[in-house]
Amino acid sequence: MLGIWTTDRIRAAEEKLLAVTPEGALMHKAAFGVAVHAARMLVEHTGRVAGTRVTLLVGAGNNGGDALWAGAFLRRRGVAVTAVLLNPERAHEAGLAALRRARGRLLRAEAGGPAVEQADLVIDGIVGLSARGPLRPDAAKLVDQVSAPVLAVDLPSGVDPDTGEVDGPAVRATRTVTFGARKPVHVLNPGFCGQTQLVDIGLAGQLDEPDLVQLGVADVAAAWPVPGPEDNKYSQGVTGVAAGSATYPGAAVLATGSAVLATSGMVRYAGSAADVVRADWPEVVGTGSVTDAGRVQAWVTGPGMGTGNEGRETLRHVLEQGVPVCADADAITLIAKFPDVLDARDPGTPLVLTPHAGEFERLTGAAPGADRPAAARAAARRFDAVVLLKGHSTVVAAPDGRTLVNVANGSWLATAGSGDVLSGLIGALLAAGLDPWLAAGAAAHVHALAAYLAADGVPVPASKIQAAIPAAIRAIRTSITR
(Lines give C-alpha, C1' and ligand atoms only; values in the text may rest on other atoms or scores of the structure.)
Protein backbone atom coordinates (compact mmCIF):
# COMPACT_ATOMS: atom_id res chain seq x y z
CA MET A 1 0.00 0.00 0.00
CA LEU A 2 1.18 3.51 -0.77
CA GLY A 3 1.19 5.80 2.25
CA ILE A 4 -0.13 9.37 2.25
CA TRP A 5 0.58 11.82 5.07
CA THR A 6 -0.92 15.18 6.03
CA THR A 7 1.24 18.25 5.71
CA ASP A 8 1.63 18.76 9.47
CA ARG A 9 3.12 15.29 9.78
CA ILE A 10 5.31 15.80 6.72
CA ARG A 11 6.70 19.04 8.14
CA ALA A 12 7.39 17.39 11.49
CA ALA A 13 9.26 14.57 9.75
CA GLU A 14 11.23 17.06 7.67
CA GLU A 15 12.30 18.90 10.81
CA LYS A 16 13.70 15.66 12.24
CA LEU A 17 15.55 14.95 9.01
CA LEU A 18 16.91 18.49 8.71
CA ALA A 19 18.37 18.22 12.20
CA VAL A 20 20.70 15.42 11.09
CA THR A 21 21.40 16.56 7.52
CA PRO A 22 23.98 19.10 6.30
CA GLU A 23 22.46 22.50 5.54
CA GLY A 24 21.06 22.73 2.04
CA ALA A 25 21.47 19.03 1.25
CA LEU A 26 17.75 18.22 1.23
CA MET A 27 16.90 21.20 -0.96
CA HIS A 28 19.63 20.28 -3.43
CA LYS A 29 18.34 16.70 -3.63
CA ALA A 30 14.75 17.87 -4.08
CA ALA A 31 15.68 20.48 -6.67
CA PHE A 32 17.78 18.01 -8.63
CA GLY A 33 14.72 15.74 -8.78
CA VAL A 34 12.67 18.64 -10.13
CA ALA A 35 15.32 19.35 -12.74
CA VAL A 36 15.41 15.70 -13.86
CA HIS A 37 11.66 15.61 -14.37
CA ALA A 38 11.72 19.02 -16.05
CA ALA A 39 14.28 17.71 -18.54
CA ARG A 40 12.09 14.69 -19.27
CA MET A 41 9.10 16.94 -19.89
CA LEU A 42 11.15 19.13 -22.22
CA VAL A 43 12.13 16.08 -24.26
CA GLU A 44 8.50 14.95 -24.38
CA HIS A 45 7.29 18.40 -25.41
CA THR A 46 10.09 19.67 -27.67
CA GLY A 47 12.31 16.67 -28.39
CA ARG A 48 15.36 18.20 -26.69
CA VAL A 49 16.68 19.83 -23.52
CA ALA A 50 19.48 22.17 -24.61
CA GLY A 51 18.23 25.31 -26.28
CA THR A 52 14.79 25.22 -24.68
CA ARG A 53 13.25 27.93 -22.48
CA VAL A 54 12.05 27.33 -18.93
CA THR A 55 10.32 29.94 -16.81
CA LEU A 56 10.22 29.62 -13.04
CA LEU A 57 7.34 31.18 -11.11
CA VAL A 58 9.03 31.84 -7.79
CA GLY A 59 7.35 32.69 -4.50
CA ALA A 60 8.82 33.16 -1.06
CA GLY A 61 10.35 30.41 1.04
CA ASN A 62 11.66 26.93 0.37
CA ASN A 63 9.24 26.07 -2.43
CA GLY A 64 10.62 28.98 -4.44
CA GLY A 65 14.11 27.89 -3.41
CA ASP A 66 13.53 24.43 -4.88
CA ALA A 67 12.48 26.04 -8.16
CA LEU A 68 15.51 28.36 -8.23
CA TRP A 69 17.97 25.54 -7.56
CA ALA A 70 16.23 23.41 -10.20
CA GLY A 71 16.70 26.30 -12.61
CA ALA A 72 20.41 26.39 -11.79
CA PHE A 73 20.71 22.67 -12.54
CA LEU A 74 18.85 23.13 -15.84
CA ARG A 75 21.21 25.93 -16.88
CA ARG A 76 24.05 23.37 -16.78
CA ARG A 77 22.20 21.47 -19.50
CA GLY A 78 21.96 24.45 -21.80
CA VAL A 79 18.44 25.55 -20.90
CA ALA A 80 17.59 29.26 -20.99
CA VAL A 81 16.08 29.83 -17.52
CA THR A 82 14.11 32.88 -16.42
CA ALA A 83 12.91 33.25 -12.85
CA VAL A 84 9.88 35.48 -12.37
CA LEU A 85 10.01 36.67 -8.74
CA LEU A 86 6.59 37.25 -7.19
CA ASN A 87 8.07 38.49 -3.92
CA PRO A 88 11.69 39.48 -4.64
CA GLU A 89 12.42 40.68 -1.10
CA ARG A 90 11.53 37.25 0.34
CA ALA A 91 12.95 35.01 -2.37
CA HIS A 92 15.23 32.21 -1.19
CA GLU A 93 18.70 33.79 -0.98
CA ALA A 94 20.83 30.72 -1.66
CA GLY A 95 18.60 29.72 -4.57
CA LEU A 96 18.83 33.21 -6.06
CA ALA A 97 22.61 33.15 -5.72
CA ALA A 98 22.78 29.74 -7.40
CA LEU A 99 20.71 30.86 -10.38
CA ARG A 100 22.76 34.06 -10.73
CA ARG A 101 25.98 32.04 -10.75
CA ALA A 102 24.48 29.84 -13.47
CA ARG A 103 23.63 33.00 -15.44
CA GLY A 104 19.90 32.59 -15.22
CA ARG A 105 17.71 35.63 -15.79
CA LEU A 106 15.73 37.26 -12.95
CA LEU A 107 12.58 39.32 -13.51
CA ARG A 108 9.97 40.91 -11.29
CA ALA A 109 6.39 39.74 -11.65
CA GLU A 110 5.22 42.82 -13.54
CA ALA A 111 7.81 42.16 -16.27
CA GLY A 112 7.36 38.39 -16.41
CA GLY A 113 4.50 38.06 -18.88
CA PRO A 114 6.55 37.56 -22.07
CA ALA A 115 8.80 34.99 -20.37
CA VAL A 116 5.73 33.01 -19.31
CA GLU A 117 4.13 33.19 -22.75
CA GLN A 118 7.31 32.12 -24.60
CA ALA A 119 8.32 29.27 -22.27
CA ASP A 120 8.59 25.65 -23.38
CA LEU A 121 7.99 24.63 -19.75
CA VAL A 122 6.83 26.51 -16.67
CA ILE A 123 7.91 25.40 -13.19
CA ASP A 124 5.47 26.35 -10.43
CA GLY A 125 7.35 27.29 -7.27
CA ILE A 126 4.87 29.90 -6.07
CA VAL A 127 3.76 28.46 -2.73
CA GLY A 128 4.48 25.37 -0.63
CA LEU A 129 2.76 23.18 1.91
CA SER A 130 2.18 25.98 4.42
CA ALA A 131 0.05 28.06 2.07
CA ARG A 132 -3.73 28.04 2.02
CA GLY A 133 -6.24 29.68 -0.28
CA PRO A 134 -6.20 30.74 -3.93
CA LEU A 135 -3.44 32.47 -5.84
CA ARG A 136 -2.98 36.19 -5.27
CA PRO A 137 -3.90 38.45 -8.20
CA ASP A 138 -0.33 39.00 -9.47
CA ALA A 139 0.37 35.27 -9.51
CA ALA A 140 -3.04 34.45 -11.01
CA LYS A 141 -2.41 36.94 -13.82
CA LEU A 142 0.85 35.20 -14.75
CA VAL A 143 -0.66 31.73 -14.53
CA ASP A 144 -3.43 32.80 -16.89
CA GLN A 145 -0.78 33.49 -19.54
CA VAL A 146 0.73 30.00 -19.41
CA SER A 147 0.28 27.84 -22.49
CA ALA A 148 3.22 25.47 -21.95
CA PRO A 149 3.21 22.32 -19.81
CA VAL A 150 3.51 23.05 -16.09
CA LEU A 151 5.66 21.19 -13.57
CA ALA A 152 4.55 21.88 -9.99
CA VAL A 153 7.02 21.77 -7.12
CA ASP A 154 5.46 19.65 -4.34
CA LEU A 155 1.89 20.73 -5.17
CA PRO A 156 0.04 23.01 -7.59
CA SER A 157 -0.11 26.46 -6.06
CA GLY A 158 -3.58 27.52 -4.96
CA VAL A 159 -4.75 23.95 -4.23
CA ASP A 160 -5.20 23.02 -0.57
CA PRO A 161 -2.49 20.47 0.31
CA ASP A 162 -4.61 18.48 2.78
CA THR A 163 -8.03 18.47 1.10
CA GLY A 164 -7.33 19.18 -2.56
CA GLU A 165 -9.89 21.99 -2.45
CA VAL A 166 -9.70 24.74 -5.08
CA ASP A 167 -11.38 27.95 -4.01
CA GLY A 168 -10.31 30.42 -6.67
CA PRO A 169 -7.39 30.82 -9.07
CA ALA A 170 -4.94 27.91 -8.94
CA VAL A 171 -2.25 26.23 -11.02
CA ARG A 172 -3.34 23.20 -13.04
CA ALA A 173 -0.15 21.18 -13.40
CA THR A 174 0.78 18.71 -16.09
CA ARG A 175 3.02 16.93 -13.61
CA THR A 176 3.85 17.38 -9.93
CA VAL A 177 7.12 16.42 -8.26
CA THR A 178 6.80 15.84 -4.54
CA PHE A 179 9.43 14.95 -1.97
CA GLY A 180 9.73 12.19 0.59
CA ALA A 181 6.08 11.16 0.72
CA ARG A 182 2.78 11.77 -1.01
CA LYS A 183 0.38 14.31 0.46
CA PRO A 184 -3.44 14.17 0.39
CA VAL A 185 -3.69 16.68 -2.47
CA HIS A 186 -1.97 14.23 -4.80
CA VAL A 187 -4.78 11.67 -4.53
CA LEU A 188 -7.72 13.94 -3.69
CA ASN A 189 -7.24 16.31 -6.62
CA PRO A 190 -5.27 14.53 -9.35
CA GLY A 191 -6.96 16.71 -11.95
CA PHE A 192 -4.89 19.70 -10.78
CA CYS A 193 -1.74 17.72 -9.88
CA GLY A 194 -1.47 15.81 -13.12
CA GLN A 195 0.90 12.85 -12.87
CA THR A 196 2.62 12.88 -9.46
CA GLN A 197 6.24 11.79 -9.23
CA LEU A 198 7.89 11.04 -5.88
CA VAL A 199 11.52 11.99 -5.20
CA ASP A 200 13.13 10.12 -2.32
CA ILE A 201 14.88 12.47 0.09
CA GLY A 202 15.22 9.97 2.96
CA LEU A 203 12.00 10.93 4.75
CA ALA A 204 10.51 7.45 5.10
CA GLY A 205 12.37 6.65 8.31
CA GLN A 206 10.88 9.70 10.02
CA LEU A 207 7.22 8.83 9.31
CA ASP A 208 4.83 6.65 11.29
CA GLU A 209 1.56 5.08 10.08
CA PRO A 210 0.06 7.06 7.17
CA ASP A 211 -3.13 9.09 7.38
CA LEU A 212 -4.41 7.65 4.09
CA VAL A 213 -3.37 4.74 1.92
CA GLN A 214 -3.75 3.90 -1.73
CA LEU A 215 -3.99 0.25 -2.74
CA GLY A 216 -1.40 -0.85 -5.25
CA VAL A 217 -2.04 -3.36 -8.00
CA ALA A 218 -0.25 -6.04 -5.98
CA ASP A 219 -2.51 -5.38 -2.97
CA VAL A 220 -5.65 -5.82 -5.05
CA ALA A 221 -4.30 -8.87 -6.86
CA ALA A 222 -3.35 -10.53 -3.58
CA ALA A 223 -6.76 -9.84 -2.05
CA TRP A 224 -8.91 -10.86 -5.00
CA PRO A 225 -10.35 -14.36 -4.53
CA VAL A 226 -9.59 -16.97 -7.16
CA PRO A 227 -10.48 -20.67 -6.91
CA GLY A 228 -8.00 -23.17 -5.53
CA PRO A 229 -7.87 -26.95 -5.88
CA GLU A 230 -10.17 -27.53 -2.90
CA ASP A 231 -12.71 -24.80 -3.72
CA ASN A 232 -16.29 -25.14 -4.85
CA LYS A 233 -19.09 -22.68 -5.52
CA TYR A 234 -20.00 -22.47 -1.86
CA SER A 235 -16.50 -22.07 -0.45
CA GLN A 236 -15.89 -19.10 -2.72
CA GLY A 237 -18.90 -17.25 -1.37
CA VAL A 238 -22.60 -17.11 -2.11
CA THR A 239 -23.72 -13.56 -2.85
CA GLY A 240 -27.34 -12.48 -2.47
CA VAL A 241 -28.62 -9.54 -4.52
CA ALA A 242 -31.87 -7.79 -3.56
CA ALA A 243 -32.14 -5.02 -6.14
CA GLY A 244 -34.16 -3.74 -9.06
CA SER A 245 -37.89 -3.43 -9.60
CA ALA A 246 -40.43 -3.42 -12.39
CA THR A 247 -39.45 0.20 -13.01
CA TYR A 248 -35.69 -0.37 -12.79
CA PRO A 249 -34.88 -3.95 -13.81
CA GLY A 250 -31.55 -2.85 -15.27
CA ALA A 251 -30.17 -2.11 -11.81
CA ALA A 252 -30.77 -5.75 -10.88
CA VAL A 253 -29.04 -6.97 -14.03
CA LEU A 254 -26.01 -4.75 -13.48
CA ALA A 255 -25.53 -5.50 -9.76
CA THR A 256 -26.14 -9.22 -10.18
CA GLY A 257 -23.97 -9.56 -13.25
CA SER A 258 -21.01 -7.82 -11.67
CA ALA A 259 -21.25 -10.18 -8.68
CA VAL A 260 -21.23 -13.13 -11.09
CA LEU A 261 -18.15 -11.81 -12.89
CA ALA A 262 -16.26 -10.89 -9.73
CA THR A 263 -15.63 -14.43 -8.45
CA SER A 264 -16.33 -18.07 -9.26
CA GLY A 265 -18.78 -18.50 -6.41
CA MET A 266 -22.56 -18.44 -6.56
CA VAL A 267 -25.10 -15.63 -6.87
CA ARG A 268 -28.71 -15.69 -5.73
CA TYR A 269 -31.06 -12.95 -6.92
CA ALA A 270 -34.26 -12.04 -5.06
CA GLY A 271 -36.77 -9.56 -6.42
CA SER A 272 -39.34 -8.71 -9.04
CA ALA A 273 -36.75 -8.61 -11.84
CA ALA A 274 -35.88 -12.29 -11.47
CA ASP A 275 -36.95 -13.22 -15.01
CA VAL A 276 -34.95 -10.39 -16.55
CA VAL A 277 -31.88 -11.30 -14.48
CA ARG A 278 -32.09 -14.99 -15.42
CA ALA A 279 -32.40 -14.07 -19.09
CA ASP A 280 -29.05 -12.25 -18.91
CA TRP A 281 -27.35 -14.47 -16.34
CA PRO A 282 -28.64 -18.09 -16.52
CA GLU A 283 -26.17 -19.19 -13.81
CA VAL A 284 -28.00 -17.07 -11.21
CA VAL A 285 -30.52 -18.70 -8.89
CA GLY A 286 -33.46 -16.29 -8.99
CA THR A 287 -36.49 -15.96 -6.74
CA GLY A 288 -39.18 -13.35 -6.35
CA SER A 289 -38.62 -12.55 -2.67
CA VAL A 290 -35.74 -12.33 -0.21
CA THR A 291 -37.63 -14.65 2.10
CA ASP A 292 -37.29 -17.42 -0.51
CA ALA A 293 -33.70 -16.72 -1.52
CA GLY A 294 -31.95 -19.36 0.56
CA ARG A 295 -28.72 -18.91 2.47
CA VAL A 296 -26.12 -16.43 1.34
CA GLN A 297 -22.83 -15.22 2.80
CA ALA A 298 -23.39 -11.54 1.97
CA TRP A 299 -26.15 -9.35 0.60
CA VAL A 300 -26.17 -6.49 -1.89
CA THR A 301 -29.27 -4.36 -1.60
CA GLY A 302 -30.61 -1.05 -2.81
CA PRO A 303 -29.94 -0.43 -6.51
CA GLY A 304 -33.25 0.31 -8.24
CA MET A 305 -35.16 -1.23 -5.32
CA GLY A 306 -37.41 1.71 -4.56
CA THR A 307 -37.95 3.55 -1.30
CA GLY A 308 -41.50 2.44 -0.47
CA ASN A 309 -42.67 -0.07 2.10
CA GLU A 310 -41.55 -3.08 0.06
CA GLY A 311 -38.03 -1.73 -0.24
CA ARG A 312 -37.97 -0.93 3.46
CA GLU A 313 -39.00 -4.46 4.41
CA THR A 314 -36.45 -5.94 2.02
CA LEU A 315 -33.70 -3.87 3.61
CA ARG A 316 -34.82 -4.85 7.10
CA HIS A 317 -34.85 -8.52 6.15
CA VAL A 318 -31.32 -8.60 4.74
CA LEU A 319 -30.00 -6.69 7.76
CA GLU A 320 -31.54 -9.33 10.03
CA GLN A 321 -29.65 -12.21 8.44
CA GLY A 322 -26.40 -11.69 10.33
CA VAL A 323 -24.21 -11.61 7.20
CA PRO A 324 -22.28 -8.70 5.66
CA VAL A 325 -24.40 -6.23 3.70
CA CYS A 326 -23.49 -3.73 0.99
CA ALA A 327 -26.20 -1.04 1.06
CA ASP A 328 -26.29 1.21 -1.99
CA ALA A 329 -28.58 3.71 -3.70
CA ASP A 330 -32.20 3.32 -2.48
CA ALA A 331 -31.04 1.42 0.59
CA ILE A 332 -29.05 4.49 1.66
CA THR A 333 -32.08 6.71 1.12
CA LEU A 334 -34.17 4.32 3.24
CA ILE A 335 -31.61 4.40 6.04
CA ALA A 336 -31.65 8.20 5.90
CA LYS A 337 -35.48 8.30 6.05
CA PHE A 338 -35.93 5.48 8.55
CA PRO A 339 -32.80 5.25 10.74
CA ASP A 340 -34.49 2.68 12.95
CA VAL A 341 -34.20 0.14 10.13
CA LEU A 342 -30.60 -0.34 11.27
CA ASP A 343 -31.91 -1.77 14.55
CA ALA A 344 -32.46 -5.00 12.63
CA ARG A 345 -28.71 -5.39 12.24
CA ASP A 346 -26.83 -7.40 14.83
CA PRO A 347 -24.07 -5.31 16.45
CA GLY A 348 -20.76 -5.90 14.74
CA THR A 349 -22.22 -7.39 11.55
CA PRO A 350 -20.28 -5.84 8.66
CA LEU A 351 -22.07 -3.11 6.73
CA VAL A 352 -20.73 -1.18 3.72
CA LEU A 353 -22.48 2.06 2.73
CA THR A 354 -21.69 3.44 -0.74
CA PRO A 355 -23.08 6.98 -1.06
CA HIS A 356 -22.32 9.59 -3.67
CA ALA A 357 -22.18 13.18 -2.38
CA GLY A 358 -25.95 13.75 -2.52
CA GLU A 359 -26.73 10.47 -0.77
CA PHE A 360 -24.06 11.24 1.82
CA GLU A 361 -25.79 14.52 2.62
CA ARG A 362 -29.14 12.76 2.99
CA LEU A 363 -27.57 10.11 5.18
CA THR A 364 -25.62 12.39 7.51
CA GLY A 365 -27.45 15.71 7.24
CA ALA A 366 -24.41 17.52 5.82
CA ALA A 367 -22.51 17.56 2.55
CA PRO A 368 -19.04 15.95 2.61
CA GLY A 369 -17.40 19.38 2.37
CA ALA A 370 -13.80 20.06 1.45
CA ASP A 371 -12.26 17.40 3.70
CA ARG A 372 -13.81 14.26 2.24
CA PRO A 373 -11.64 11.78 4.19
CA ALA A 374 -12.62 13.40 7.49
CA ALA A 375 -16.30 13.35 6.50
CA ALA A 376 -16.13 9.68 5.52
CA ARG A 377 -14.35 8.76 8.75
CA ALA A 378 -16.97 10.58 10.84
CA ALA A 379 -19.79 8.79 9.02
CA ALA A 380 -18.04 5.43 9.42
CA ARG A 381 -17.84 5.94 13.18
CA ARG A 382 -21.43 7.16 13.39
CA PHE A 383 -22.90 4.17 11.56
CA ASP A 384 -20.28 1.63 12.64
CA ALA A 385 -19.89 0.81 8.97
CA VAL A 386 -17.39 1.06 6.16
CA VAL A 387 -18.29 4.15 4.16
CA LEU A 388 -17.31 4.35 0.50
CA LEU A 389 -17.76 7.97 -0.57
CA LYS A 390 -17.91 7.97 -4.36
CA GLY A 391 -16.13 10.48 -6.52
CA HIS A 392 -13.28 10.79 -9.00
CA SER A 393 -11.14 10.06 -5.96
CA THR A 394 -13.19 7.52 -4.02
CA VAL A 395 -12.64 7.56 -0.26
CA VAL A 396 -13.16 4.40 1.81
CA ALA A 397 -13.22 4.77 5.60
CA ALA A 398 -13.60 2.12 8.29
CA PRO A 399 -15.02 2.70 11.79
CA ASP A 400 -11.52 2.23 13.26
CA GLY A 401 -10.20 5.16 11.22
CA ARG A 402 -8.44 3.30 8.41
CA THR A 403 -8.91 5.34 5.25
CA LEU A 404 -7.94 4.65 1.67
CA VAL A 405 -8.32 6.61 -1.54
CA ASN A 406 -8.79 5.14 -4.99
CA VAL A 407 -8.02 7.43 -7.91
CA ALA A 408 -9.78 6.64 -11.18
CA ASN A 409 -7.89 6.85 -14.45
CA GLY A 410 -10.29 9.21 -16.17
CA SER A 411 -13.96 10.02 -15.61
CA TRP A 412 -15.41 7.02 -17.43
CA LEU A 413 -17.49 5.97 -14.41
CA ALA A 414 -19.68 9.07 -14.72
CA THR A 415 -22.54 7.14 -16.31
CA ALA A 416 -25.89 5.79 -15.14
CA GLY A 417 -25.68 2.36 -13.55
CA SER A 418 -21.96 2.32 -12.81
CA GLY A 419 -22.69 2.40 -9.08
CA ASP A 420 -24.82 -0.74 -9.44
CA VAL A 421 -21.82 -2.50 -10.96
CA LEU A 422 -19.67 -1.43 -8.01
CA SER A 423 -22.14 -2.70 -5.42
CA GLY A 424 -22.16 -6.16 -7.01
CA LEU A 425 -18.37 -6.29 -6.88
CA ILE A 426 -18.32 -5.31 -3.21
CA GLY A 427 -20.99 -7.87 -2.35
CA ALA A 428 -19.08 -10.69 -4.02
CA LEU A 429 -15.91 -9.83 -2.13
CA LEU A 430 -17.81 -9.64 1.15
CA ALA A 431 -19.27 -13.11 0.48
CA ALA A 432 -15.75 -14.39 -0.17
CA GLY A 433 -14.78 -13.30 3.33
CA LEU A 434 -12.67 -10.19 2.70
CA ASP A 435 -12.35 -7.52 5.34
CA PRO A 436 -15.11 -5.02 4.43
CA TRP A 437 -12.71 -2.07 4.17
CA LEU A 438 -10.39 -3.99 1.87
CA ALA A 439 -13.34 -5.40 -0.08
CA ALA A 440 -14.66 -1.90 -0.77
CA GLY A 441 -11.22 -0.60 -1.73
CA ALA A 442 -10.34 -3.52 -3.98
CA ALA A 443 -13.75 -3.36 -5.67
CA ALA A 444 -13.32 0.37 -6.30
CA HIS A 445 -9.92 -0.30 -7.88
CA VAL A 446 -11.20 -3.01 -10.25
CA HIS A 447 -14.34 -0.99 -11.00
CA ALA A 448 -12.29 2.01 -12.13
CA LEU A 449 -9.90 -0.17 -14.13
CA ALA A 450 -12.81 -1.92 -15.86
CA ALA A 451 -14.21 1.47 -16.85
CA TYR A 452 -10.84 2.56 -18.23
CA LEU A 453 -10.41 -0.65 -20.23
CA ALA A 454 -13.98 -0.60 -21.53
CA ALA A 455 -13.82 3.05 -22.54
CA ASP A 456 -10.55 2.88 -24.48
CA GLY A 457 -10.79 6.62 -24.90
CA VAL A 458 -14.53 7.05 -25.50
CA PRO A 459 -17.55 7.06 -23.15
CA VAL A 460 -19.27 3.71 -22.62
CA PRO A 461 -22.40 2.64 -20.71
CA ALA A 462 -22.39 0.72 -17.44
CA SER A 463 -23.12 -2.59 -19.22
CA LYS A 464 -19.79 -2.28 -21.06
CA ILE A 465 -18.01 -1.51 -17.78
CA GLN A 466 -19.57 -4.64 -16.30
CA ALA A 467 -18.42 -6.69 -19.28
CA ALA A 468 -14.82 -5.50 -18.76
CA ILE A 469 -14.59 -6.82 -15.17
CA PRO A 470 -12.82 -10.07 -16.18
CA ALA A 471 -10.30 -8.09 -18.23
CA ALA A 472 -9.64 -5.81 -15.26
CA ILE A 473 -9.12 -8.73 -12.87
CA ARG A 474 -6.91 -10.45 -15.44
CA ALA A 475 -4.85 -7.28 -15.83
CA ILE A 476 -4.11 -6.91 -12.13
CA ARG A 477 -3.27 -10.59 -11.75
CA THR A 478 -1.06 -10.60 -14.83
CA SER A 479 0.82 -7.53 -13.61
CA ILE A 480 2.23 -9.41 -10.60
CA THR A 481 3.09 -12.64 -12.42
CA ARG A 482 5.20 -11.13 -15.19
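## Terms and overall build

Helices and strands here are DSSP runs, numbered from the N terminus; a helix has at least four residues and a strand at least two. The model is predicted. In it, the protein has 19 helices and 18 strands. Its radius of gyration is 26 Å, close to the 23 Å that the globule rule gives for 482 residues, so the protein is as compact as a globular protein of that length. The C-alpha trace spans about 80 × 40 × 40 Å along its principal axes.

Of the 482 residues, 57% count as buried. Take the contacts between residues at least 6 apart in sequence: 70% of them join residues at least 24 apart. The exposed surface comes to about 19,800 Å², and carbon and sulfur atoms supply 50% of that area. The protein carries 42 positive and 46 negative charges, and the mean positions of the two sets are 8 Å apart.

## Two nonpolar cores

The largest nonpolar core has 58 residues. Trp224, Tyr269 and Ile426 have the most contacts inside this core. Helix H17 (residues 436-455) gives the core its largest share, 11 residues. A second, separate core holds 51 residues, among them Leu42, Ala70, Phe192 and Leu203.

Trp224 shows how the largest core is joined up. Leaving out residues up to four places away in sequence, Trp224 touches Ala262, Leu425, Leu429, Ala442, Ala443, Val446 and Ile473.

## The loop at Leu135

Leu135 sits in the loop between strand S5 (121-125) and helix H6 (137-144). Its relative accessible area is 9%. Buried means under 20%, so Leu135 counts as buried.

Beyond four places in sequence, Leu135 touches Ile126, Ala140, Val143, Ser157, Gly158, Pro169, Ala170 and Val171. Leu135 and Val166 are 31 residues apart in sequence, and their C-alpha atoms are 10.0 Å apart.

## The loop at Leu86

Leu86 lies in the loop between strand S3 (80-85) and helix H4 (93-101). Leu86 is buried too, with a relative accessible area of 16%.

With residues up to four places away set aside, the contacts of Leu86 are Val58, Ala109, Ile126, Asp138, Ala139 and Leu142. Ile126 is also touched by Leu135. Leu86 and Ala60 are 26 residues apart in sequence, yet 7.7 Å apart from C-alpha to C-alpha.

## Helix H13 and its cover

Helix H13 runs over residues 330-337. Six of its eight residues are buried, so H13 is largely enclosed by the rest of the structure. The buried residues are Asp330, Ala331, Ile332, Thr333, Leu334 and Ile335.

Both strands and helices supply the cover. The strands include S13 (298-301), S14 (325-327) and S15 (351-353). The helices include H12 (309-319), H14 (357-364) and H15 (372-383).

## Thr349, after H13

Thr349 is placed in the loop between H13 and S15. Its relative accessible area is 9%, and Thr349 is buried. Outside its neighbours within four places in sequence, Thr349 is in contact with Gly322, Val323 and Pro324.

Key:
Residues are numbered from 1 along each chain as its sequence is written. This is a predicted model: local features need pLDDT of at least 70, side-chain atom pairs count only at pLDDT 80 or more; totals for chains, interfaces and linings use all residues. Side-chain values use heavy atoms; hydrogens and water are left out. A nonpolar core is a set of buried Ala, Val, Leu, Ile, Met, Phe, Trp, Tyr and Cys residues joined through side-chain atoms within 4.5 Å. Buried means under 20% relative accessible area, exposed over 50%, partly exposed in between (1.4 Å probe, protein chains only). Contact means heavy atoms within 4.5 Å. The radius of gyration is taken over C-alpha atoms; the globule rule is 2.2 Å times the number of residues to the power 0.38. Accessible areas come from the Shrake-Rupley method with a 1.4 Å probe; for residues, only the protein chains shown count as cover. Lys and Arg count as positive and Asp and Glu as negative; His and the chain ends are not counted. The place of a charge is taken as NZ of Lys, CZ of Arg, CG of Asp or CD of Glu.
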